[in-house]
Amino acid sequence: MDKIPNNRAWWLVLPVFLLVAFSALIPLMTVVNYSVQDIFGPGQAYFVGTEWFKEVLTDERLQDSLLRQFLFSSAVLLIQIPLGIGVALMMPKSGIKGSLCLILVAIPLLIPWNVVGTIWQIFARGDIGLFGWGINQLGVDYNYTGSTVDAWLTVLLMDVWHWTPLVALLCYSGLRAIPEAFYQAAEIDRASKWAVFRYIQLPRLKSVLIIAVLLRFMDSFMIYTEPFVLTGGGPGSSTTFLSQTLTTMAIGQFDLGRAAAFSLIYFLIVLLISWLFFTAITHADKEQ
Amino acid sequence: MSLTLENLSRIVDGVDYIRNASLTFEAGSFNVLLGRTLAGKTSLMRLMAGLDKPTEGRLIYNGEDVTGQSVQRRNISMIYQQFINYPNLSVYENIASPLRLAKMPSSEIDRRVKETAAMLRIEPLLKRFPLELSGGQQQRTAMARALVKDATLVLFDEPLVNLDYKLREELRAELRDLFRERQCIAVYATTEANEALALGGTTTLLHQGQVVQSGPVMDVYRKPVNTLAAQLFSEPPMNLIRGRVSDTELSFDEDTRHALTQELADLQPGEYWFGIRPSHIALKPANDDDLEVPVQVALSEISGSETFMHVESRHFEMVTQLMGVHQYHTGAPISVYLPINKLFVFDTHEQLVHTPSQVSGRGV
Amino acid sequence: MKQARSKNVGITVFIILLLTPVYWLLNMSFKTNQEILGGLTMWPENFTLQNYVVIFTDPSWYNGYLNSMAYVTINVIITLLVALPAAYAFSRYKFLGDKHLFFWLLSNRMAPPAVFLLPFFQLYSSIGLFDTHIAVALAHCLFNVPLAVWILEGFMKGVPREYDEMAYIDGYSFPKFFVKVFLPMIRSGIGVTAFFAFMFSWVELLLARTLTSVDAQPIGAIMTRTIGASGIDWGVLAAAGVLTIIPGLLVIWFVRNHVAKGFALGRV
Amino acid sequence: MAEIHLKSLAHSYSKSPSGPEDYAIRQLDHVWHKGGAYALLGPSGCGKSTMLNIISGLVQPSEGEVLFDGIRVNALSPRDRNIAQVFQFPVIYDSMTVYQNLAFPLKNNKVPAARIKERVQEIAEVLEIEDKLHKKAKNLTADEKQKVSMGRGLVREDVSAILFDEPLTVIDPQLKWKLRRKLKQIHEQFDITMVYVTHDQLEASTFADKIAVMYDGQIVQFGTPTELFEQPNHTFVGYFIGSPGMNLIDVERCEAGVRFGSAEVVLEPWQIEYLNRLSSTNVKIGIRPEFIEIGLEPKVNSYEVEVLDMEDLGTYKIIDLGLGDETLKARVDEDFDARIGSRVHLTMPPQWTMLYVDEFLIQEQS
């Protein structure tokens with residue numbers, strides 16, 4: 001459908017523009033403003049240029065937390081995307097069973113993020129949590145508040161529990177959007193189950209998978225509340241991710257200039273990587 | 001009452017949708033726009049409706065310039081190829097909607113809706129919702145909504161294309177009857193020559209955004225101004241054969257020649273295009289002076305009552321439309337006969353130079 | 001048929017695993033603290049509603065829920081009000097800077113909320129909105145409005161433009177057409193958008209906690225209070241957690257048939 | 001290749017059909033012979049697509065049997081029935097090239113690579129898409145996609161039958177006849193059983209040797225295009241085939257045969273005899289507009305009629321003739337001319353005047 005050129009349409013988008021500009025542009029300008037100043041108190045600020053940026057980029061604590069962040073996001077994508085596709089393939093196509101599955105699978109998505117943390121905080125404890133207790137019963141020494149590896153695995157497991165449903169639901173609806181005729185044609189062409197998946201389902205899931213990858217990357221890269229409640233970032237700083245580092249810096253230490261510079265770099269990284277993902281996937285498509 | 005298009009053009013991003021169209025539509029007339037896909041039929045109708053603004057030219061209604069008038073203020077109706085109805089309103093409310101917007105008293109609305117529904121034979125469906133209906137019923141609802149409000153201009157954009165052909169035939173016949181008594185301007189777009197013939201009225205041929213020819217349907221059919229008009233307005237398309245005229249005879253090639261008749265005597269010697277309608281070609285000579293052309297059969301398609309036979313000679317191909325069943329094997333050599341008095345002649349610029357004299361056949 | 005059965009088994013196992021942590025929370029919410037700390041039991045042996053009674057009788061608890069509901073509702077309303085016309089503009093018209101504007105809107109969905117914490121705090125404090133529902137609702141618009149525009153635009157593109165034209169031809173003015181004809185046609189889209197706006201506002205805590213202190217404090221922030229002098233009150237904490245899941249369940253129940261469609265547009 | 005036999009077949013989409021109106025297909029027996037080119041013709045909703053899907057196995061019939069060469073295949077899935085089907089809208093594997101699309105069914109059948117190459121090339125040539133073989137299928141136009149869809153059906157050599165479900169819906173009118181011709185050519189070349197579903201009589205009759213006309217879940221006639229035209233077995237066939245359809249007139253019995261209004265139609269003795277054996281009052285006569293003769297002078301058994309309307313269709317004219325309360329349509333030459341309101345004389349040649357009782361044709365027993 002051709003869109004009609006009409007500049008008066010701006011009147012329709014004006015409220016959105018103003019609202020988002022108010023919520024995004026003004027704060028962003030504040031951040032930029034802070035990032036180039038050193039602030040000691042009201043009225044006491046000095047222009048420091050790119051000092052904060054240099055400091056942030058060379059700060060080892062931040063580099064560590066960035067590395068941890070990348071590890072975490074990659075692990076999230078590697079586990080959740082295939083698992084989500086698998087779950088979607090198993091979900092019943094229609095009827096009451098379909099709706100029921102949909103709702104049950106969606107439950108983790110509807111839980112406030114701090115409650116997600118709370119649930120796992122309880123669930124994984126060795127004394128009162130089924131999961132922690134169960135693992136200990138198996139003879140494995142498991143303690144997520146003491147061991148770095150255990151803490152990591154628990155945070156990862158929690159994220160898989162929390163967000164795989166999103167990938168599954170996206171894929172499920174992508175699958176449902178494939179017209180029946182394609183399956184019929186494949187049946188008639190005597191395609192194997194694998195061929196149906198490889199040549200019909202997977203190519204047609206591409207657009208939802210792009211969304212799934214982008215969303216899961218972005219949101220896992222910004223994760224804050226759940227690990228904060230579960231582990232408080234510990235033990236040590238082993239599960240302290242970027243958002244928590246930033247929050248601590250800004251609110252805990254009130255280190256405004258540094259936090260602002262860090263914020264900008266953080267935002268740019270998210271934008272850049274999202275853009276890379278997006279163009280890489282869509283470009284590979286045009287190439288062919 | 002009349003609607004006049006004055007040098008109307010619509011050009012968007014360098015693409016001509018409509019180029020320099022000038023036409024007049026009279027009240028009470030039924031006008032068919034005939035052209036292939038993307039010929040500009042829809043574009044022209046959208047300009048007439050005021051849904052698009054022309055880049056150049058004016059739209060005059062009853063002597064008043066209405067080019068810039070908004071759609072809401074024009075009293076028009078439009079029926080689309082897709083079945084467009086308000087999905088969340090019942091058939092009754094669908095038909096009533098233009099009247100409700102015009103703030104008509106509800107007793108009058110009720111009377112009109114029922115009357116129009118009866119006319120289109122959808123009275124029993126008034127309580128149903130559009131998506132519960134068959135395609136034909138949905139389109140009838142759309143037509144009822146278009147007809148209920150006494151619009152001055154009713155536009156049909158290939159309304160029957162998505163229906164079974166038998167249903168098409170029925171609705172087409174009903175449409176013709178519905179508009180006989182009305183004082184509005186009806187404009188109907190179609191890609192099919194046979195539909196234009198069946199609907200009658202005035203026909204306008206469109207091609208690549210331009211008006212090729214316009215006039216009463218039979219004038220356009222019988223006197224196509226050029227080869228393009230002839231091709232557009234016959235189905236299967238008119239056969240065109242390159243040939244020449246000398247002082248004494250006309251010839252397609254060395255083997256196919258015929259002495260000039262009285263009728264063709266005015267033609268200057270030279271190269272011409274000769275046109276012959278598929279239905280005029282016969283397997284047996286009807287007159288003594290029919291031109292015999294030896295050909296080979298390429299394919300015969302039998303429709304039950306008719307046979308479409310595709311034949312080829314060394315230099316040209318032809319399609320013939322024959323009554324009855326004629327079965328030949330591919331490659332069979334036969335002769336077909338072209339009545340000289342039914343030949344159209346076009347010059348090398350493809351403009352019409354000779355029309356076959358109207359044979360007023362046996363009649364009362 | 002064998003394959004269908006293995007699929008059913010697979011999905012059942014997945015759902016059971018998915019629901020176990022939730023079950024555990026539910027289980028705990030019906031236990032006394034003695035039972036919770038006294039040893040692991042698969043279901044409450046001394047079934048009690050006491051934990052829920054605590055929440056429903058203590059205003060400082062139930063006000064948390066009311067606060068959360070209040071800002072979520074305000075957020076959903078604002079989001080829909082501004083996103084509907086904008087999505088219509090994007091789905092129907094070409095206008096100066098449309099593509100850039102669209103991308104800029106979406107880029108806000110990518111902004112880490114942590115980045116905006118401090119500026120938001122200062123912004124809303126300076127205009128006197130700190131610790132109000134409207135502040136949180138406006139802050140959540142940052143990510144909900146772009147999302148809503150995106151989802152709605154997808155639904156609106158699915159409605160052929162001929163419907164708009166038909167309505168104009170019948171004599172509808174734009175506002176009347178939009179409200180009476182167009183909105184009913186994208187009902188399910190509006191439902192789905194409202195659902196997602198609700199969900200993302202309901203589950204967010206970082207901004208909500210930062211922008212409030214007492215009067216508009218969300219339930220999530222109040223839950224941290226269960227850590228008292230005598231340790232954590234696990235039973236009440238679990239009950240509070242269970243209660244936060246219920247509104248989401250209710251909402252998804254209403255839009256269950258449309259949610260799949262919203263996802264299918266690839267827009268979440 | 002196989003003979004396909006449908007034995008007391010019936011199908012309903014509802015689980016507990018309460019009456020005949022719940023059936024998409026009502027109790028029918030039919031045989032599609034080996035190697036024939038057939039069309040299944042009918043209006044939308046007559047059950048023709050359902051029947052096609054029952055043959056291919058995409059739909060399980062609720063009653064009756066499907067036999068391939070005498071073997072019951074009801075329980076077999078489409079893949080085991082070894083059948084090819086082309087759908088109304090193009091179905092292509094868009095991540096593959098055209099070549100891979102065409103090779104796909106062969107690969108699944110474990111055809112040797114060399115043979116696949118040969119065969120794909122052959123089909124691509126017939127369909128005139130050999131220059132597109134290495135393009136991504138999703139970048140094709142709608143027509144080309146549909147050609148690829150068809151190609152996947154045609155490429156297999158061992159199929160029991162190829163089924164087409166309105167395959168030319170998305171094709172531009174100019175191209176339609178070309179593709180129809182291609183299909184016919186392919187049929188002659190490879191000699192495969194083909195069943196072609198359509199609502200367009202021209203499409204059906206130009207493609208098929210024999211046409212099954214479906215109406216209301218039943219096959220009302222199975223015959224050559226000429227038979228359907230000249231001897232419609234059922235009033236629906238008379239109405240549906242031909243444009244305009246057959247003139248059908250409700251009549252009463254009388255001495256000489258039947259009559260309507262003041263007009264008597266003289267029937268053949270065997271027709272009268274047949275009629276006398278039946279008690280039904282639902283009697284009609286039918287005559288095609290093409291077979292009505294019109295003259296200026298009265299003749300034996302001619303009727304004087306009034307010219308009510310005349311429609312000029314360029315190559316011919318349709319005139320409406322008033323005879324009593326009835327209106328008959330007749331097709332005449334383009335040269336024919338008559339004033340509206342004038343009177344002419346109409347003859348119904350006995351060999352073209354059909355007699356229908358309870359909507360079915362009364363035929364002479366040989």
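A83 of chain C touches V16(A), V145(C), A148(C), V149(C) and L152(C), leaving aside residues up to four places away in sequence. The model is predicted. This report starts from that one alanine and works outwards.

**The cores**

A83(C) belongs to the largest nonpolar core, which has 153 residues. Which residues have the most contacts inside this core? They are C171(A), A83(C), A86(C) and V149(C). V149(C) is also one of the residues that A83(C) touches. Helix α7 of chain C, residues 133–157, gives the largest share of the core, 16 residues. Two domains of chain C take part: domain 1 (1–48) and domain 2 (58–264) each supply at least three residues. Another core lies apart from this one. It has 101 residues, including A21(B), A142(B), L199(B) and V319(B). As a general rule, nonpolar side chains tend to be buried together in soluble globular proteins.

**Where chains A and C meet**

Which pair of chains has the most contacts? Among the 4 pairs that touch, it is chains A and C. Chain C brings 76 residues to the contact, and chain A brings 78 residues. On the chain C side, helix α13 (residues 234–264) makes the largest contribution, with 15 residues. That side of chain C holds 60 nonpolar, 10 polar and 6 charged residues.

Chains A and C also share strand pairing. Strand β1 of chain A (residues 4–5) runs parallel to strand β1 of chain C (residues 93–94), and 2 bridges join them. I4(A) has Y93(C) as its bridge partner.

Some chains do not touch. Chains A and B are one such pair, and their nearest C-alpha atoms are 9 Å apart. Chains C and D are another, with their nearest C-alpha atoms 12 Å apart.

**Chain B**

Chain B has 364 residues, and 44% of them count as buried. The chain contains 8 helices and 20 strands. Its C-alpha trace spans about 75 × 45 × 45 Å along the principal axes. Domain 1 covers residues 2–224, and domain 2 covers 239–354. The centres of these two domains, taken over C-alpha atoms, are separated by 39 Å. How far apart in sequence are the residues that meet? Of the contacts in chain B with a separation of 6 or more, 66% join residues 24 or more positions apart.

One open sheet of chain B has 6 strands, in the order β13-β12-β11-β14-β19-β20, with antiparallel pairing. Strands β13 (257–259) and β20 (352–354) stand at its edges. Each has a single partner strand, so one side of each is left without a neighbour in the sheet. From one strand to the next, the twist averages 35°. In general, strands of a sheet pair through backbone hydrogen bonds.

**Chain D**

Chain D has an open antiparallel sheet of 4 strands, in the order β11-β15-β21-β22. Its edge strands, β11 (247–250) and β22 (360–361), each pair on one side only.

The table sets out one strand pair from each of three places.

| Strand | Partner strand | Bridges and direction | Facing residues |
|---|---|---|---|
| β19(B), residues 344–346 | β20(B) | 2 bridges, antiparallel | F346(B) and L352(B) |
| β21(D), residues 354–357 | β22(D) | 2 bridges, antiparallel | Y356(D) and L361(D) |
| β1(A), residues 4–5 | β1(C), residues 93–94 | 2 bridges, parallel | I4(A) and Y93(C) |

Two helices of chain D round off the picture. Is helix α1 (residues 48–56) mostly covered or mostly open? It is mostly covered: 9 of its 9 residues are buried. Among them are K48(D), N53(D) and S56(D), alongside M51(D), L52(D), I54(D) and I55(D). After α1(D) comes G57(D), which has a positive phi, near 100°.

Helix α4 (residues 113–126) of chain D holds K117(D). Why does K117(D) count as partly exposed? The reason is its neighbour count: 14 C-beta neighbours lie inside 10 Å, while a residue needs 20 or more to be buried and 12 or fewer to be exposed. K117(D) and A103(D) are 14 residues apart along the chain, and their C-alpha atoms are separated by 7.7 Å.

Conventions: Residues are numbered from 1 along each chain as its sequence is written. Chains are lettered from A and ligands numbered from 1 in the order in which they are written. This is a predicted model: local features need pLDDT of at least 70, side-chain atom pairs count only at pLDDT 80 or more; totals for chains, interfaces and linings use all residues. Two strands pair if DSSP finds at least two bridges between them. Axes are lines fitted to C-alpha atoms, for helices over the stretch in contact, and angles run from 0 to 180 degrees between N-to-C directions. Domain bounds come from an automatic or database domain assignment. Two residues are in contact if their C-beta atoms, placed from the backbone, lie within 7 Å. Ala, Val, Leu, Ile, Met, Phe, Trp, Tyr, Cys and Pro count as nonpolar, Asp, Glu, Lys and Arg as charged, and the others, Gly among them, as polar. A nonpolar core is a set of buried Ala, Val, Leu, Ile, Met, Phe, Trp, Tyr and Cys residues joined through C-beta atoms within 7 Å.
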